Structures are given as structure tokens and as C-alpha cells.
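Q: I would like to learn how to read some features of a protein model. Can we take them one by one, beginning with a single residue?

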Amino acid sequence: MRISTSLLYGLGAERISRQQAEWARTQRQLSTGQRVLSPSDDPLAAAQALRTAQSKSLAEQFAANQGAARDKLAAAESVLGQAGEAIQDARALLVQANAATLTDADRAALALALRGRQEQLLALANSRDANGDYLFSGYQGTTRPFAASAAGATYYGDEGERSLPVASGRTLAVSASGAAVFDRVPTGNGRFVVTPGAANAGSGTHDGGAVADASLVTGDRYRIRFAVAAGVTTYDVTDLTTSATLVSGAAYVSGRAIVFDGLQVAISGAPADGDAFDVEPSGAKSVFAALEEAADLLAAPAAGTAARAALANGITAGLQSLDQALESVLEARARMGAHLAELDSLGALVSAGKIRDETELARLTGLDYAEAASRFAAQQTALEAAQRSYLRITGLSLFQFI
């Protein structure tokens with residue numbers, strides 16, 4: 001078989017090129033630490049590695065979301081804690097204002113202090129997070145949720161709660177609607193509210209009432225009306241919704257609970273003839289309106305028996321509203337705290353998943369450095385031998401023997 005000179009040159013160059021490519025590939029493996037540099041190196045491992053890399057990327061995104069959620073929740077939880085303290089301070093001022101020894105000037109000073117708490121609470125309700133988004137404006141993070149008004153404050157946010165996906169199949173709320181926390185506080189004791197008649201002339205005061213038997217509560221509106229004849233005080237209870245008389249001519253005893261349809265209301269003092277107290281289901285009122293009404297109440301003079309009774313009843317209503325507002329704030333704060341605790345658990349799960357994916361990626365595409373270094377040395381030796389043999393072969397010529 002005759003082998004031409006051009007064939008020798010071509011075979012030698014092709015062999016050197018192939019060995020250079022293998023040597024360069026091993027060099028790239030050593031420099032990157034990856035065994036699979038392209039899908040053709042190991043198609044099955046490459047496909048599995050792609051799925052694992054996607055899972056790892058998702059875990060990293062979840063981890064980032066968890067960090068953002070933790071920051072937002074911690075900020076909201078801290079603000080709610082301060083809001084609860086402000087409400088408790090306002091409540092203490094109202095309790096102090098109920099002292100019989102205080103003068104109108106003393107109560108006016110307390111009214112100023114109440115307005116200060118109202119402004120403090122309004123500032124807290126308009127707090128922002130580290131990104132500049134309002135904490136309590138619902139979905140509208142750039143909208144200032146509350147603005148002061150004659151009625152206390154007006155809410156401009158919405159009912160939404162912003163959320164972030166923090167784990168596979170788990171989306172966590174990271175904000176709260178200001179409407180639910182501050183603007184929609186139940187009136188009275190949360191089930192019903194007792195309202196003294198505007199024309200009451202006696203010294204009758206109420207305790208705010210309570211539910212005696214929830215199974216008997218109808219949700220109707222009622223009126224307790226007093227009658228005084230020959231020094232004897234009696235009362236009637238009328239269901240205003242059905243116009244039915246539930247109690248007629250019952251003897252009144254100061255401080256004793258008046259019970260009807262699962263509700264009980266204790267009236268103290270000496271109601272005048274014709275005085276009345278209405279009982280109706282709770283509505284909703286913002287905490288700012290409750291503070292505004294309480295401040296107005298304390299700022300007004302209270303001279304005479306009826307005025308003092310109206311003051312006491314107003315303070316009772318104010319205390320009930322603040323209790324309900326505090327309950328709303330504490331509930332929202334507890335929810336934030338529960339979400340923070342959940343994030344700690346989810347963070348551990350996501351971190352474990354990320355480590356598992358990294359281990360799997362290393363198994364699928366990682367490089368055995370000892371094997372690769374040995375192979376690199378062998379390939380380098382083979383390449384050098386091929387280059388030297390090529391030089392020897394290409395140097396052969398008959399002209400050397402002439």
C-alpha cells in the first residue's frame with residue numbers, strides 16, 4: 001500500500017488537532033470544576049442537572065422572598081406594638097378622666113393629651129417599610145392610607161393584603177389593611193352597644209353590657225325605659241324591631257343587671273322619669289373617631305347631674321371602643337408574629353432543599369479533580385509526543401540521502 005506524503009501530513013495534523021481539543025477540554029473542566037461542559041458530554045446528566053438547577057434557582061428566589069417578607073413583617077409587627085402602647089396610654093387617660101375629683105380644666109388637659117395620642121397613632125398607621133411602601137394601605141403601597149379629618153381620620157387605602165411566595169405552594173401575607181386594623185373597629189362590647197337617650201335627665205349610667213347567653217341573642221334593637229312614680233323606679237324593655245314588650249313595670253335596683261334575650265345591661269344611679277337606654281347590634285368605628293369623640297367629650301364642661309352621667313356614659317363607650325381597637329391591633333400583631341415564626345420554619349426547609357440541590361448538581365456535573373488532573377497530564381504527554389513525531393515524519397526526505 002502506497003502512503004503519500006500528503007496523507008502523512010494530513011493524518012498527523014488531524015491527530016494533533018484532536019489531541020489538542022481533548023487536552024483543551026480537560027483544561028476547561030479543571031478551570032470550571034465541571035465535568036459536563038455541554039449536553040453532548042452526558043445528555044442524561046445534563047437533563048437531570050437542568051431540572052435540579054431550576055429547583056435550586058427557585059429555592060434561591062424563595063429565600064430572597066423570605067428575607068423581604070421578614071423585613072416587612074418585622075416592620076409591621078413593631079409598628080403595631082407601638083400602636084398598642086398608644087391605645088393603652090389613651091385608655092389610661094380616659095380612666096383617669098372618670099375621677100369625680102377632676103375639674104373641667106383637668107379634663108380639658110386630658111383631652112389635649114388624648115389628641116396627642118391620636119396624632120401619634122395616626123403617624124404609626126401611616127408608617128412605611130424600608131422600601132418606602134406604606135404598611136397599612138392594602139395593595140396600594142404608594143398611597144398614604146390615613147389623612148386627618150374632622151371625624152378623626154379618613155382611610156384612602158383598600159382592603160387588600162400584599163403577599164409574597166415564600167415556599168412551594170405557600171404564599172404569605174406581608175401587610176395588613178388599615179381598614180381592618182384601625183378603621184373598622186366594632187362599637188360597644190363587640191356584640192352590641194348601649195346608647196343613653198340624648199334627653200336623659202337623671203344620673204343613670206350603664207356598664208356597657210355583656211352577652212349572658214349567646215344562644216338567645218336575636219340581633220334586634222331594644223329600648224330600656226324608666227318610669228318614676230311616688231319615689232319608685234320601674235323599667236320596661238321593648239324590642240324595637242318587633243315592637244314586642246319583653247319586660248313591663250319591673251322594679252329597678254341600681255347596679256343590678258337587666259337581662260333580656262340573652263343580653264344583660266347593668267344600670268347604676270338614679271334614672272329620671274322617661275330616661276331611656278337603647279341597645280342595638282354593634283357597628284363599626286375607626287379608632288381615630290373614637291379618640292376624637294373622647295377628646296371632645298373631655299373638652300366639654302360637665303356641670304349638673306345629667307351632664308356628669310353623660311360624661312360617665314361617654315367614657316364607658318370610649319373605653320369599650322379603645323378595648324376593641326386594642327383587640328384589633330393585638331390580633332393583627334399576633335398574625336404578623338405567627339407569619340414571622342412560619343418564615344423561620346420555611347427558611348430551614350428552603351435552605352435544606354437548596355443544599356440538597358447543590359449536592360445533586362455536584363454529583364451530576366461535578367468534576368473528579370484527581371482523575372481529571374491525571375488525564376490532563378496524560379493528554380499533555382500524548383500531545384507533545386504527537387507533535388514531536390509529526391516533526392520527525394515531516395522531516396523525512398530522499399534529498400537527505402543524495
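Q: Where is Ser321 placed?
A: This is a predicted model, and in it Ser321 belongs to helix H6.

Q: Is Ser321 buried or exposed?
A: Buried means a relative accessible area under 20%. Ser321 has 8%, so Ser321 is buried.

Q: Which residues is Ser321 in contact with, leaving aside neighbours within four places in sequence?
A: Ser321 is in contact with Val185, Lys285 and Ala290.

Q: How many residues has the largest nonpolar core, and which have the most contacts inside it?
A: A nonpolar core is a set of buried residues of certain kinds, joined through side-chain atoms. Here the largest one has 56 residues. Leu114, Leu121, Phe182, Val287, Phe288 and Leu298 have the most contacts inside this core. At least two core residues come from each of helices H2, H3, H4, H5 and H6 and strands S2 and S3. H2 gives the largest share, 14 residues.

Q: What does Val287 touch, if residues up to four places away in sequence are not counted?
A: Val287 touches Ile87, Leu121, Phe182, Val185, Leu322 and Ala325.

Q: What lies apart from the largest core?
A: Another core lies apart from it, with 17 residues. Val237, Leu263, Ile267 and Phe277 are among them.

Q: How is strand pairing read, and which way do S12 and S13 run?
A: Two strands pair if there are at least two bridges between them. Strand S12 (residues 257-260) is joined to S13 by 4 bridges, and the two run antiparallel. In this pair, Val259 stands opposite Gln264. The hairpin of S12 and S13 has 2 residues between the strands, and Asp261 takes a positive phi near 45 degrees there.

Q: Which residues of S7 and S8 stand opposite residues of S13?
A: Strand S7 (residues 205-206) is antiparallel to S13 (residues 263-268), with 2 bridges, and Thr205 stands opposite Ser268. Strand S8 (residues 210-211) also pairs with S13 in the antiparallel sense, over 2 bridges. There Val211 stands opposite Leu263. In general, side chains in a regular strand alternate between the two faces of the sheet.

Q: What lines the largest cavity, and how many residues of each class are in the lining?
A: A cavity is space where a probe fits but cannot get out. The count here is 1 cavity of 30 Å³ or more, and the largest cavity holds about 30 Å³ of space. Lys72, Asp129, Leu135, Arg162, Val174 and Ser175 line the largest cavity. By class, its lining has 2 nonpolar, 1 polar and 3 charged residues.

Note on methods:
Residues are numbered from 1 along each chain as its sequence is written. This is a predicted model: local features need pLDDT of at least 70, side-chain atom pairs count only at pLDDT 80 or more; totals for chains, interfaces and linings use all residues. Side-chain values use heavy atoms; hydrogens and water are left out. A nonpolar core is a set of buried Ala, Val, Leu, Ile, Met, Phe, Trp, Tyr and Cys residues joined through side-chain atoms within 4.5 Å. Buried means under 20% relative accessible area, exposed over 50%, partly exposed in between (1.4 Å probe, protein chains only). Contact means heavy atoms within 4.5 Å. On a 1 Å grid over the protein atoms alone, a cavity is a set of points where a 1.4 Å probe fits but cannot get out, and a pocket is an open set with protein on both sides within 12 Å along at least five of seven lines; lining residues have an atom within 4 Å of a point. Grid points are joined across faces, edges and corners, and a volume is the space filled by probe spheres set on the points. Ala, Val, Leu, Ile, Met, Phe, Trp, Tyr, Cys and Pro count as nonpolar, Asp, Glu, Lys and Arg as charged, and the others, Gly among them, as polar.
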